[in-house]
Amino acid sequence: MSERNTLIRSLHDVGLAAWFGGSLMGAVGLNGAAKDEGGTETATDRIASAGWAKWTPVNAAAIGAHLFGGGGLLAVNAHRVATQQGVTASTTAKTVVTAAALAATAYARVLGKKVELAASSDPQDAEKAAEHPVDLDKARRQLTWAQWAVPALTGCLVVLNALHGEQQRPEQQVAGMWERARSVSPFMS
């Protein structure tokens, strides 16, 4: 059996890179440019919303690639998760942070859609916005926080990914498995 998992590792890493980089660029570049060029809050909302809407399908593909690759890596490294000390904890942390990043991404999209509809000049969008009125100032504030939470959380995933890479070094695997065996065996204490 091959020890290489290039495809699933690439999906995992490239997906995470796009998720992190795209969200950071959007929070800094897109939102900043929209604010500089918009002139009014409504125009700023329209510019930013148009950019984020263009990014959404790419972001969804990146997240899907990351999750698929992550699931594949978990499957091929299940033995390490079960037997190497420290790997279960870092895998659990990575899973929790991934869930939080997914929640922040979804929440940002919901808020972004509300702002987009409220700022739209399209009569159909105005109708939809009127059906579900929103406190636009509050939604903008929450959206700002959510859009910054995504690169913060995905940045944490990059760090945890680096930790997993370090845990895969042969000397780390042997030492981790030895420590795990000692901690569960009454004869090795």
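This note covers one helix pair and two pockets.

1. The model is predicted, so local features need pLDDT of at least 70 and side-chain atom pairs count only at pLDDT 80 or more, while totals for chains, interfaces and linings use all residues. Residues are numbered from 1 along each chain as its sequence is written, and side-chain values use heavy atoms, leaving out hydrogens and water.

2. Helix H2 (residues 41-76) and helix H4 (residues 87-119), where helices are DSSP runs of H or I with at least four residues, numbered from the N terminus, have axes that come within 10 Å and cross at roughly 155°. The axes are lines fitted to C-alpha atoms over the stretch in contact, with angles running from 0 to 180 degrees between N-to-C directions. That crossing makes H2 roughly antiparallel to H4, a term used for angles over 145 degrees.

3. The largest pocket holds about 710 Å³ of space, a volume being the space filled by probe spheres set on grid points joined across faces, edges and corners. A pocket is an open set of points on a 1 Å grid over the protein atoms alone, where a 1.4 Å probe fits, with protein on both sides within 12 Å along at least five of seven lines, and lining residues have an atom within 4 Å of a point. Its lining has 30 residues, with Asn31, Ala48, Trp52, Leu143 and Gln147 nearest the centre, and H2 supplies the largest share, 11 residues.

4. The second largest pocket has about 460 Å³ of space and is lined by 21 residues. Here too H2 gives the most, with six residues.

Key. Helix = DSSP H or I, 4+ residues; strand = E, 2+ residues; numbered from the N terminus. Parallel < 35°, antiparallel > 145°, perpendicular 65-115°, else oblique.
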